[in-house]
Amino acid sequence: MEANQPESVIGGKSFTAVAVNCAAKAGEWIKSKLGNITQLDTKYSMHDLVTEVDKGAERMIRNLIGTHFPTHSFLGEEGVEPGPEASARALKEKSEAEYLWIVDPVDGTTNYVHGFPFYSVSIALAHRGQVIVGVVYDPSRDELFVAERGKGAYVHGRKMKASPENALNQSLLATGFPADQHVALPANLKSIQALAPQVRNLRVAGSAALHLAYVAAGRLSGFWEYNLSSWDIAAGSLLVEEAGGRMSDIGGEPYHLGVRNVVASNGLVHDALVAELKAASGT
Ligand code: IPD
Ligand code: CA
Ligand code: CA
């Protein structure tokens, strides 16, 4: 780690070790509750689900992090009012935090509710607004994706490398359907219409964090989505960057925690993907 980077260990406890421990513990518990949900509610729209498992997993992660790092700030999806404005505001309110943990306890709740095995726990730690640790855990496959800034990204202890495709016509891309039906959904439908004929294929598997982990692992060439929140992207963004990929907003500007319209790729197809998305959405 470079001299100007923050210490990653306080009192002997590594940030990454705590993030991994939280993700593994929460993931195991989430999986154990699969098929036994007693409380299913909608939040911002009929597409935005929450269960007692989302809330319980966030509580578990928050308590664990608080035990190890009581002075750190915490931003978790279930502690914020539903909707894009509230989530952008919540991030802004914490923007001065020295250390900020950004957590989505269950990314892919719709999949979880339906027993479709593609959901994840997403935990990031940002230091003065820059993500320094990113962990995404897939309990269904017991796959743990871990990145530390400057130290690479790993899955099953193996270093990850973004994929080698260098043209859209060789690419496997993923996207997600946003909870907002009025602006983001129509924009994305136009993007899909523009890109589908140009790529090998598209996937919409239902966990943004896991899609980003798959870009890092070289299993997807790229991913985009409109109107995501910081907790959907933060951990995955570091996985992608540390695997040699690229993160930006939909206009091609570098990723930061406030970006909601996101593009991730292996780097090689990034400019082409951004150009198509810009043309399709008319921005
Ligand atoms: C959702 C998932 C999904 C994406 C939605 C997100 P949640 O998160 O990441 O893939 O398409 O936009 O809201 O609600 O399951 O945590
Ligand atoms: Ca999410
Ligand atoms: Ca969630």
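**A calcium site in a predicted model**

Student: What spacing do the donors of the calcium ion (ligand 3) follow along the chain?

Tutor: This is a predicted model, and the protein donors of the calcium ion (ligand 3) are supplied by E77, D104 and V106. Read along the chain, these donors follow the spacing E-x26-D-x1-V.

Student: Which protein atoms are the donors of this calcium ion (ligand 3), and how far from it do they lie?

Tutor: E77 offers an OE atom and V106 its O atom, while D104 is listed twice, each time with an OD atom. These donors lie at distances from the ion of 2.2 to 3.2 Å.

Student: Which parts of the chain does the pair E77 and V106 link?

Tutor: E77 and V106 are 29 residues apart, and the pair links distant parts of the chain. The two places are the loop between β5 and α3, which holds E77, and, for V106, strand β6 (residues 99-107).

Student: Which residue coordinates both the calcium ion (ligand 3) and the calcium ion (ligand 2)?

Tutor: The two calcium ions, ligand 3 and ligand 2, are 3.7 Å apart. The residue that coordinates both of them is D104.

Student: Is V106 buried or exposed?

Tutor: A residue is called buried when its relative accessible area is under 20%. V106 has a relative accessibility of 2%, so V106 counts as buried.

Student: Why can E77, D104, D107 and D232 be said to gather at one spot?

Tutor: An unreviewed UniProt entry lists E77, D104, D107 and D232 under "binding site". They span 156 residues in sequence, yet they gather at one spot, because no two of their C-alpha atoms are farther apart than 9.7 Å. The lining of the largest pocket also takes in E77, D104, D107 and D232.

Student: Which residues does D232 touch, leaving aside those up to four places away in sequence?

Tutor: D232 is found in helix α7 (residues 230-242), and at 10% relative accessibility D232 counts as buried. With residues up to four places away in sequence left out, the residues that D232 touches are D104, D107, A208, A209 and L212.

Student: Which backbone nitrogen does the side chain of D232 reach?

Tutor: The contact runs from the side chain of D232 to a backbone nitrogen at 2.7 Å. That nitrogen belongs to S229.

How values were computed: Residues are numbered from 1 along each chain as its sequence is written. Chains are lettered from A and ligands numbered from 1 in the order in which they are written. This is a predicted model: local features need pLDDT of at least 70, side-chain atom pairs count only at pLDDT 80 or more; totals for chains, interfaces and linings use all residues. Side-chain values use heavy atoms; hydrogens and water are left out. UniProt positions are given in the numbering used here, feature names are shortened, and annotations may be inferred rather than shown by experiment. On a 1 Å grid over the protein atoms alone, a cavity is a set of points where a 1.4 Å probe fits but cannot get out, and a pocket is an open set with protein on both sides within 12 Å along at least five of seven lines; lining residues have an atom within 4 Å of a point. Helices (H or I, at least four residues) and strands (E, at least two) are DSSP runs, numbered from the N terminus. Buried means under 20% relative accessible area, exposed over 50%, partly exposed in between (1.4 Å probe, protein chains only). Contact means heavy atoms within 4.5 Å. A polar contact is a pair of N or O atoms within 3.5 Å; within protein, one must be able to donate a hydrogen and the other to accept it, and residues adjacent in sequence count only if both atoms are side-chain atoms. Donors are N, O and S atoms within 2.8 Å of the metal (3.2 Å for Na, K and Ca); water is not among the atoms, so sites may look incomplete.
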